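Colleague: Hi! I'm new to this one, could you walk me through it?
Modeller: Happy to, let's put it on the screen.

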Amino acid sequence: MDVLVKTDALTGIRRLLYLVSPNETYAQYVSDIPDYFKESIVFFVVAIILELAVGLLQGREHVTRLADGVTSITAGMFMILTALFIKGFDVLAFTWLHHQFHSLNLSWDSPLAWFVCFVGVDLGYYWFHRMAHEVNFMWAAHQVHHSSEDYNLTTALRQSITQRLTSWMFYLPLAPFIPPSTILVHIQFNTLYQFWIHTELIDSIGPLEYILNTPSHHRVHHGRNRYCIDKNYGGTLIIFDRIFGTFEAEKKSDEVVYGLVHPLNSYNPIYIQICHYQWMWHMFWEVDGIMNKLAVIWKGPGWEPGKPRMGLIEDIPDIHYPQPRYDPKLPIWGSVYTLAHTLLNMLVFSIYLDMVGGLSQWSALVLMVYFIFSFTCVGAICDNRWYAPLMESLRCLAVLAMLSVSEDRITMFMGGLDAVVFTGARVLYLLSVFVWLPQCFHFFGPKKNKQL
């Protein structure tokens, strides 16, 4: 249990709401900063369950659709997994700039530095977020977050594996006068705050709507109605949208339709991450002239030769609620199976995050490949792909093989497994193999219109 719960409930809730004081978040060195995101995972899960329960009590249908929610959660795990191997360059950049060009002697425990950084990080996030919608190669990463056609707390977890490569640059102007540790603390809390605003259950929070980014404002940002396009970029605050002319209030007369302008119609986690890069590659070679080819990269996602940088609003489909959503039907047993194995993967993933520092590079890499393959199997099941039974059979057989030949290592990795738990895991995966193997004839038969 200690692996999952790192802090008390009240502190966890306050962190999600950015209700923290300077004194409790000061860090002299970057190495002193807790991983607030990892410590909040258990609160994400509890909040998602509560949102679902409250929605059902209110009589709302499809508060969280299983396949869409699972896809969002696996995208979040995908992002965390890859971040383990690419983090560090932002820290180096902030530290170098601070030591070379620091113009103000604001210390790491300065309340002034803390509050200036609170505003500065949100301003940096505003411009990053805006550019992520206005520059095509940045949109290729950010579109992952907008690909869900639902709007709930799981949507907040649907993140890109490549967005981190550009987002840190927008906080560089703070580095000359704000200590790197302070910047990194606020980046974490700015991200955590945005979790709870991904919900339809909260209508308004009153006068705070004028200052803060709220569920209402962010619902507009996730909409594909014409009036929602490229609006409300704020992270914690909404004031910069009001200042720079990108604010749009939610219209009760025109209910928000969520998702991308051109829906992906897929739960494949790898395809969701790379689809826009594929489109850019195709577009790059299709247009004529070197300037047009470069424009594919740096102009807006709606741009075409002869059109303005951001394209034309008339090219956006003029849609209104309700709209059909991508929703391949799974049998009840398929839904139960998907939920059970997703929860199991989440548990193992949490333990992996807690212990990855003590693993060899080979072990860490093997487990990373396992998680990626597992996420892809879940996507294939949710998409009702004809090859899903074969993929899942292979995955379950691979897990059974690992449980058999590496029992001691796995027991040590999992912190000492009880024999009953280990046996239970074997039984679960063995039963899973028997569930899927009979369906593998789909792999060898006609490949069209196959369903689980």
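Modeller: One definition to start with: a charge sits over a ring if NZ of Lys or CZ of Arg is within 6 Å of the ring centre and within 35 degrees of the ring normal.

Colleague: Okay, so which residue lies over the face of Tyr227?
Modeller: That is Lys251, at 4.6 Å from the ring centre. Likewise, Lys293 lies over the face of Phe284, at 5.3 Å from the ring centre.

Colleague: Anything I should know about the model itself?
Modeller: It is a predicted model, where local features need pLDDT of at least 70, side-chain atom pairs count only at pLDDT 80 or more, and totals for chains, interfaces and linings use all residues. Residues are numbered from 1 along each chain as its sequence is written, and side-chain values use heavy atoms, with hydrogens and water left out.

Colleague: Good. How many aromatic pairs are there?
Modeller: The search of the whole structure finds 30. Rings of Phe, Tyr and Trp (its six-membered ring) pair if their centres lie within 6.5 Å; planes under 30 degrees apart count as stacked, over 60 as edge-to-face and the rest as tilted.

Colleague: Show me one. Why is the pair of Tyr151 and Tyr258 called stacked?
Modeller: Because the ring planes of Tyr151 and Tyr258 are at 15°, with the centres 5.0 Å apart. Tyr151 is in the loop between H8 and H9, while Tyr258 is in the loop between helix H12 (239–244) and helix H13 (269–286), so this pair ties together parts that are 107 residues apart in sequence. The helices here are DSSP runs (H or I, at least four residues), numbered from the N terminus.

Colleague: Are those two tyrosines buried or exposed?
Modeller: Both Tyr151 and Tyr258 are buried. Buried means under 20% relative accessible area, exposed over 50%, and partly exposed in between (1.4 Å probe, protein chains only).

Colleague: What about Phe371 and Phe375?
Modeller: They form a stacked aromatic pair too, 6.2 Å centre to centre with 25° between the planes. Both sit in helix H16 (residues 361–382), and being 4 residues apart they are separated by about one helical turn. Phe371 is buried, with a relative accessible area of 0%, and Phe375 is buried at 1%.

Colleague: Which cluster do ring pairs link Phe371 and Phe375 into?
Modeller: The cluster holds Phe78, Phe349, Tyr352, Tyr370, Phe371 and Phe375.

Colleague: Switching to empty space: what volume does the largest pocket have?
Modeller: About 1,400 Å³. Its lining has 46 residues, and the closest to the centre are Phe37, Met79, Arg164, Ile187 and Gln188. H10 gives the largest share of that lining, 8 residues.

Colleague: What counts as a pocket or a cavity, and how is a volume defined?
Modeller: On a 1 Å grid over the protein atoms alone, a cavity is a set of points where a 1.4 Å probe fits but cannot get out, and a pocket is an open set with protein on both sides within 12 Å along at least five of seven lines; lining residues have an atom within 4 Å of a point. Grid points are joined across faces, edges and corners, and a volume is the space filled by probe spheres set on the points.

Colleague: And how many cavities are there?
Modeller: The search finds 2 cavities of 30 Å³ or more. The largest cavity has a volume of about 180 Å³. Of its 15 lining residues, Ile41, Ile73, Met77, Ile80 and Leu157 are the closest to its centre. H5 gives the most to this lining, with 5 residues.

Colleague: And the second largest cavity?
Modeller: The second largest cavity has a volume of about 100 Å³. It is lined by 13 residues, and Asp68, Ser147, Glu149, Asn265 and Ser266 lie nearest its centre.

Colleague: Any odd backbone spots?
Modeller: Most residues other than glycine have a negative phi, and most peptide bonds are trans. The peptide bond from Tyr321 to Pro322 is cis, with omega near -5°. Pro322 is in the loop between helix H14 (290–298) and H15.

Colleague: Where does Tyr18 lie?
Modeller: In the loop between helix H1 (9–16) and helix H2 (22–25). Tyr18 has a positive phi of about 65° although it is not a glycine, and it is buried, with a relative accessible area of 8%. Asn384 has a positive phi as well, of about 60°, and is buried at 7%.

Key
Helix = DSSP H or I, 4+ residues; strand = E, 2+ residues; numbered from the N terminus.
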